[in-house]
Amino acid sequence: MKRIHFIWMAMVAILLLTQPAGASKVVVLGFDGADAQLVEQMLAQGKLPHLAKLREAGTFQPLMPTNPPQTPVSWSAFATGLNPGRTEIFDFLKRREGTYIPMFNAGEESSEPLLWGERNPLYLALIAAAAGLLLPLLLLALLKRWKAGVVVGVVLGAALGAGMYWFAGRYLPEEVPVAQNNRKGDTFWGLASQAGKKVQVLRVPVTFPAEEVHGTFFAGLGVPDIRGRIGTPSFYTSRLDRIEGENEFSIEVIRVDNTQDRIETAIYGPLNQLFFRPEDEEERYRLEEAGVPERIDVPMTLSIDPASQKLRLEVQGQNVTLGVGEWTPWIHMRFAFNDVISVRGMTRFKLLSLEPELNLYQYPVNLDPDNAMFFTKNPITWPRGWLQDLYGRLGPFKTIGWEEDTWTITTGLVDEAFFEEDINFTVADASRLMESLLQEGDFDLYVQVFSFTDRVGHIIWRLTDPENPTYDPARAERYAGLMEQSYVQMDEIVGKAMAVIQNQPDTLLMICSDHGFTSYRRGVNYNTWLVKNGFMTLRGQGSTATLEKLFDTGDLFNNVDWSRTQAYAMGLGPIYINLAGREPQGIVSPGREYEEVRDAIIAGLESYVDEQTGARPVKRVYKREEMYPQFNLDVIPDLRAANDLYYRVSWQTTLGGVPAEIMEDNYKVWGADHCSVDPSLVRGIFFANRKFTRTDPHIMDLMPTILEALGVQVPAGLDGKVIS
Ligand SMILES: [Zn+2]
């Protein structure tokens, strides 16, 4: 009797061990930039019925974002339960080590030798020659015909060796580009995978290249377009007043002559980093002479039929006829570096007008799922072939990380109605993907982030703020409703997820966002403030920065006199002290002087008043040790200026420019933001279908909370704490 009792207890113990108390399936849906205040307001008005249900039966709380409340920063803390000082994803930009030159913080592109790099022709030729020699030798030796074997072997070996030497020299690049994610720390999906849980992770920002998990993974923000950019649409136009080339909004304007019947033009592709890599002018000339293209394009022919008012597009044997206002389906194309190496892309076009001017829009060329060669080093899904499986089942969808085109509307070439169309495509694709995978249910942990809520905020929120400099009553009348419409779309997606899991009482559903929003009315030029207050000294006049300067030449602070500069601003709020021993031309001594300079900047900026409005643009300047208990001393900025509502770091400061005035109106369509605002003012959201009673949750708390719900051990030493 006792013995049976013991066995029974042992069985219970084993069950408890393998199936911890909290173990359940977890579904996490993230909505980038979904703002707590607007959500609360819409809940009160009964406009978000599914989220209201979650609030009633479970939890709704505003969610504190990271400092700064930026998309890559906050989602990295979400993934790891670590503060930005430890993930080292702390801003849009960081300094290149040992310089004043800015670079992207979240990820970078490097290159790796392909096989043996520049020795490829020699080594491959030797291998081919050896194979050519040995095969006939062995074969004919078996037939006891040694002499013939040697003769045939030498001839074949020499021929194969020479052929391979020529082939490798001509067709194989020495190096191939490789993407790198700079985020540090262990992710909850990684830990869950290690604990044997099956995970599905989709489109979380800062997850490119795709991570190897037990389950499936689809990388998010960071996946480039075919040109290696965050996104470059093209605009084909016959208008002469449009300047050809790439403008500051990262859109390519391509002039076409609509007086011709057949217009020969091209779809712009990637820079030829594989074969066009001149180290000097002489080599550049040699490459140009040899006809090696600097950029790989795909030819496209446009023909106008005035009678039917249609435009015909011909791209690599595909023909599509378009009326005004129509979109093409996805068109697939191959950008060939040579006969052997190519990368495949896909895009869609919309014909905006045909007469009197031809205006044709082209979406950024997305990486096609059929790209085995590129994905070997830069996978966007795990397993690498999963993307093709999804395409087979669901049809084509965008693969680019920044899915929505926020660039073209910013140029004034298209309006909000066009932006809305693009948002609706994106929402439909992402929601179809979610429904299909949730229904399949092949996971213990499901995570998907939707980005449209953030993009609509950046472009449309301004139309809900009559005090925004770009506010236009007529435009607001037509389009301000898109802001709430995007939150209704979010609510519908949540409703679809709830419908799928309604019969699974054990499944924990969490809805969250990484930050909220505020109207961006006025910008602060911190470098100008530093100059006017004696912390920075210029040689000659201040400068205007451009994107080209920022990323192509890095020639930003070229007129700063570093021997008389104590501090400089770079990125969306960071201020760095020109510290001796750390900065290349540092003058501020560590210790007392460092603290004095920091305190003086804090006092000055926090009391600074915007004369036009009478408000204080800077709510608080944080010392780094106030934001982060642990951080890398050489990487994390010494100070971070956090704005009050309606203010942001100016466009020029973001790029490192020093314009004449400290304050400026924001006249851009990008009229709302969050990136440099104090985190307490732009909170995100946290909903769950279970009761969590702890107040003031932080986005870092989700990682340990998810692990505990899955029954996976929460690692020690996290900054986030389990929400109870
Ligand atoms: Zn944003």
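Here are a few numbered points to help you find your way around this predicted model.

1. **The chain as a whole.** A good place to begin is the overall inventory: the secondary structure comes to 22 helices and 33 strands. The radius of gyration is 29 Å, close to the 27 Å that the globule rule gives for 724 residues, so the chain is as compact as a globular protein of that length. Along the principal axes, the C-alpha atoms fill a box of roughly 95 × 90 × 70 Å.

2. **Burial and contacts.** How much of the chain counts as buried? The figure is 47% of the 724 residues. As for contacts between residues at least 6 apart in sequence, 68% of them join residues at least 24 apart.

3. **Domains.** The domain assignment gives four entries, and it is worth colouring them as you look. Domain 1 is made up of 24–89, 186–226, 384–521 and 666–715. Domain 2 covers 115–172 and domain 3 covers 234–362, while domain 4 joins 525–643 with 652–662. Between the centres of domain 3 and domain 4, taken over C-alpha atoms, there are 41 Å.

4. **A small sheet to look at.** Strands E16, E17 and E20 form, in that order, an open sheet of 3 strands with antiparallel pairing. Its edge strands are E16 (331–336) and E20 (366–367), each of which pairs on one side only. Strand E17 (residues 342–347) and E16 pair in the antiparallel sense over 6 bridges. Within this pairing you can pick out Arg-334, which stands opposite Arg-344 in E17.

5. **Helix H14.** Is this helix mostly covered or mostly open? Helix H14 (residues 452–460) is mostly covered, with 9 of its 9 residues buried. The buried residues include the charged-letter names you may spot in the sequence, Asp-454 and Arg-455, along with Phe-452, Thr-453, Val-456, Gly-457, His-458, Ile-459 and Ile-460.

6. **H14 and its partner H13.** Two packed helices are described by the angle between their axes and the distance between the axes. Here the axis of helix H13 (residues 416–440) comes within 11 Å of the axis of H14, and the two cross at roughly 170°. H13 and H14 are therefore roughly antiparallel to each other, as angles over 145 degrees count as such. On the H13 side, the contact is made by Glu-416, Phe-419, Ile-423, Thr-426 and Val-427. On the H14 side, Phe-452, Arg-455, Val-456, Ile-459 and Ile-460 take part, and these H14 residues are also among the buried ones named above.

Terms used:
Residues are numbered from 1 along each chain as its sequence is written. This is a predicted model: local features need pLDDT of at least 70, side-chain atom pairs count only at pLDDT 80 or more; totals for chains, interfaces and linings use all residues. Domain bounds come from an automatic or database domain assignment. Two strands pair if DSSP finds at least two bridges between them. Helices (H or I, at least four residues) and strands (E, at least two) are DSSP runs, numbered from the N terminus. A residue is buried if 20 or more other C-beta atoms lie within 10 Å of its own, exposed if 12 or fewer, and partly exposed in between; C-beta atoms are placed from the backbone. The radius of gyration is taken over C-alpha atoms; the globule rule is 2.2 Å times the number of residues to the power 0.38. Two residues are in contact if their C-beta atoms, placed from the backbone, lie within 7 Å. Axes are lines fitted to C-alpha atoms, for helices over the stretch in contact, and angles run from 0 to 180 degrees between N-to-C directions. Angles under 35 degrees count as roughly parallel, over 145 as roughly antiparallel, 65 to 115 as roughly perpendicular and the rest as oblique.
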